[in-house]
Amino acid sequence: DLKGSVDGEYFLDRLFLCNFMGIVFAKSLHFQFYVWYFHTIPYLAWRSSLPLFIKWGVVLGIEVIWSFVYPPRPISSLLLWVFHLIL
């Protein structure tokens, strides 16, 4: 038993959250940025205290906006921002 040791879950939580915050507060987004955090979205949703159907809705909503809405429109940008805030 090591006192004061940091486990992997603690490390991942902070690392993924910092990366996610960088995306959320970025001035502009490009599809390349999605690659930086798409694999962390299900993990962050799983770690949240949201109901399961909200978690799935947020993950699906972010995926749909990034993958199927081109060119970006003001409404899609607003929805992406709302999904990020929910998460």
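In the predicted model, Glu9 has a relative accessibility of 37% and therefore counts as partly exposed. The carboxylate of Glu9 is engaged by Arg47, the two side chains forming a salt bridge with an N to O distance of 3.4 Å. Glu9 belongs to helix H1 and Arg47 to helix H3 (residues 41-47), so this contact ties together parts of the chain that are 38 residues apart in sequence. Arg47 is likewise partly exposed, because its relative accessible area is 38%, a value between the limits of 20% and 50%.

Arg47 also takes part in a salt bridge with Asp13, at 2.8 Å from N to O. Asp13 lies in helix H1, so the bridge to Arg47 in helix H3 again connects parts of the chain, here 34 residues apart in sequence. Asp13 is classed as buried because its relative accessibility is 15%. A salt bridge of 4.0 Å, N to O, is found between the side chains of Arg14 and Asp13. Arg14 has a relative accessible area of 42% and is therefore partly exposed. Through shared partners, the salt bridges join Glu9, Asp13, Arg14 and Arg47 into one network. The search of the whole structure yields three salt bridges.

Aromatic contacts were examined next. The count of aromatic pairs comes to seven. In one of them, Tyr34 and Tyr37, the ring centres are 5.8 Å apart and the planes stand at 85°, so the arrangement is edge-to-face; the cut-off for this class is an angle over 60 degrees. Both residues lie in helix H2 (residues 31-37), and because they are three residues apart, about one helical turn separates them. Tyr37 has a relative accessible area of 0% and is therefore buried. Tyr34, at 6% relative accessibility, also counts as buried.

Tyr34 forms a further aromatic pair with Trp66, in which the centres are 5.1 Å apart and the planes differ by 15°, a stacked geometry. Trp66 lies in helix H4 (residues 52-68) and Tyr34 in helix H2, so the stacked pair ties together parts that are 32 residues apart in sequence. Both Tyr34 and Trp66 are buried. Ring pairs link these two residues with Phe20, Tyr37 and Phe38 into a cluster.

Trp66 reappears in the analysis of pockets. The largest pocket holds about 400 Å³ of space. Its lining comprises 19 residues, of which Leu29, Trp66, Pro72, Ser77 and Leu80 are the closest to the pocket centre. Helices H1 (8-24), H4 and H5 are the elements that each give two or more residues to this lining. Helix H5 supplies the largest share, with five residues.

A nonpolar surface patch was also identified. The patch consists of Ile75, Leu78, Leu79, Trp81, Val82, Leu85 and Ile86, which together have about 630 Å² of accessible area. Trp81 is located in helix H5 (residues 74-86). The relative accessibility of Trp81 is 44%, and the residue is therefore partly exposed. Leu79 is also placed in helix H5. With a relative accessible area of 40%, Leu79 is partly exposed. Leu79 and Gly8 are separated by 71 residues in sequence, and their C-alpha atoms are 32 Å apart in space.

Notes. Residues are numbered from 1 along each chain as its sequence is written. This is a predicted model: local features need pLDDT of at least 70, side-chain atom pairs count only at pLDDT 80 or more; totals for chains, interfaces and linings use all residues. Side-chain values use heavy atoms; hydrogens and water are left out. Patches are made of residues with over 30% relative accessible area and no salt bridge: like charges are joined within 9 Å, nonpolar side chains (Val, Leu, Ile, Met, Phe, Trp, Tyr) within 5 Å. Accessible areas come from the Shrake-Rupley method with a 1.4 Å probe; for residues, only the protein chains shown count as cover. Helices (H or I, at least four residues) and strands (E, at least two) are DSSP runs, numbered from the N terminus. Buried means under 20% relative accessible area, exposed over 50%, partly exposed in between (1.4 Å probe, protein chains only). Rings of Phe, Tyr and Trp (its six-membered ring) pair if their centres lie within 6.5 Å; planes under 30 degrees apart count as stacked, over 60 as edge-to-face and the rest as tilted. On a 1 Å grid over the protein atoms alone, a cavity is a set of points where a 1.4 Å probe fits but cannot get out, and a pocket is an open set with protein on both sides within 12 Å along at least five of seven lines; lining residues have an atom within 4 Å of a point. Grid points are joined across faces, edges and corners, and a volume is the space filled by probe spheres set on the points.
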